[in-house]
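Here are my comments on the model you sent round, set out as numbered points. They begin with one buried position and then widen to the helix packing and the cores.

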Amino acid sequence: MMLLSLLAAVQATPLLDLAPAPDADAPRVYQSASERLEEKLDELLTAPDEEAAAEIASQVRSLWRQQAGPTADLLLQRGAEAREAGDQTTAWRSYDHLRTLEPDYAEGWVVSAELAIEETDWDFALEALNQAVTLDARRYDAWALLGRALEQAQAREAAMEAYREALALYPLHPAAGPALARLERELAGRAL
């Protein structure tokens, strides 16, 4: 009787499919960091919602940070820790060293501009952001910050153009979209 119960239980249990997954035999394709970056930037263009876009943007920012060597990583980390602790002097020093050691590293210019904006040093922020987008025109974060700095300089048309550049790269950018809409409303109101 027990044997019949056991047999019935075994027959009622679905068999596991132990066949390899369709892609299990396919060779893994190596992607360089620049290929992954291109892929993520493409994904950002078609992100279905703000949450998905923010996750992809975070991955893009991580890939951007990996474009320089370990010394740059250390200086970025020290600068970020100093900013978090409110030690602007150490942050400036770290970012100055970073820009000196890696002048073609757009991330160094972007973080320097962020610090300049925190301290309302709009002249340096504009200079650093212009350098960042010259080095890498895909830096949507630099374009959005540039729009903000240009607004502070009362260059609304130029700010709108910078926001449009950011949105062309990251259509669901959480700051550039609302800022552009606000400026367009302001300029439309003046035109009337």
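**Notes on the predicted model**

1. Not counting residues up to four places away in sequence, E151 touches A159, Y163, A179, R182 and L183. This residue belongs to helix α8, and because its relative accessibility is 16%, under the 20% cut-off, E151 counts as buried. One of its partners, L183, lies 32 residues away from E151 along the chain, while the C-alpha atoms of the two are separated by 9.1 Å. Please keep in mind throughout that this is a predicted model, and that the values quoted here are computed from it.

2. As to the overall architecture, the protein has 10 helices and zero strands, and read along the sequence it follows the pattern α-α-α-α-α-α-α-α-α-α. Of the 192 residues in the protein, 36% are buried. Among the contacts with a separation of 6 or more, 54% are accounted for by residues 24 or more positions apart.

3. The pairing of helix α7 (residues 122–135) with helix α8 (residues 140–152) deserves a closer reading: the two pack at an angle of about 150 degrees, and their axes are 9 Å apart. Since angles over 145 degrees count as roughly antiparallel, α7 and α8 are therefore roughly antiparallel to each other. The crossing in which α7 passes α8 is left-handed. On the α7 side the contact is made by W122, L126, L129, N130, A132 and V133, and on the α8 side by A142, W143, L145, L146, R148, A149, L150 and Q152. Sorted by character, the residues of this contact divide into 11 nonpolar, two polar and one charged.

4. Which residues have the most contacts inside the largest nonpolar core? They are L98, L129, L146 and Y163, in a core of 42 residues. The elements that give two or more residues to this core are α4 (70–84), α5 (88–101), α6 (106–118), α7, α8, α9 (156–169) and α10 (176–191), and the largest share, eight residues, comes from α7. Apart from this core lies another, of 12 residues, among them L44, V60, L63 and W64. As background, nonpolar side chains tend to be buried together in soluble globular proteins.

5. L129 links points 3 and 4, as it takes part in the contact of α7 with α8 and is also among the residues with the most contacts inside the largest core. Leaving aside its neighbours within four places in sequence, L129 is in contact with A113, I117, A142, L145, L146 and A149.

6. Is S94, in helix α5, buried or exposed? With a relative accessible area of 6%, under the 20% cut-off, S94 is buried. Residues up to four places away in sequence again set aside, S94 touches L75, R78 and G79. Between S94 and A72 the C-alpha to C-alpha distance is 9.4 Å, although the two are 22 residues apart in sequence.

7. Finally, E114 has its place in helix α6, and at 18% relative accessibility, under the 20% cut-off, E114 counts as buried. Its contacts, with neighbours within four places in sequence left aside, are to R61, R83 and L145. Of these partners, L145 also appears on the α8 side of the contact described in point 3.

Note on methods: Residues are numbered from 1 along each chain as its sequence is written. This is a predicted model: local features need pLDDT of at least 70, side-chain atom pairs count only at pLDDT 80 or more; totals for chains, interfaces and linings use all residues. Side-chain values use heavy atoms; hydrogens and water are left out. Axes are lines fitted to C-alpha atoms, for helices over the stretch in contact, and angles run from 0 to 180 degrees between N-to-C directions. Angles under 35 degrees count as roughly parallel, over 145 as roughly antiparallel, 65 to 115 as roughly perpendicular and the rest as oblique. A crossing is left-handed if the near helix is turned anticlockwise from the far one by less than a right angle, and right-handed if clockwise. Contact means heavy atoms within 4.5 Å. Ala, Val, Leu, Ile, Met, Phe, Trp, Tyr, Cys and Pro count as nonpolar, Asp, Glu, Lys and Arg as charged, and the others, Gly among them, as polar. A nonpolar core is a set of buried Ala, Val, Leu, Ile, Met, Phe, Trp, Tyr and Cys residues joined through side-chain atoms within 4.5 Å. Buried means under 20% relative accessible area, exposed over 50%, partly exposed in between (1.4 Å probe, protein chains only).
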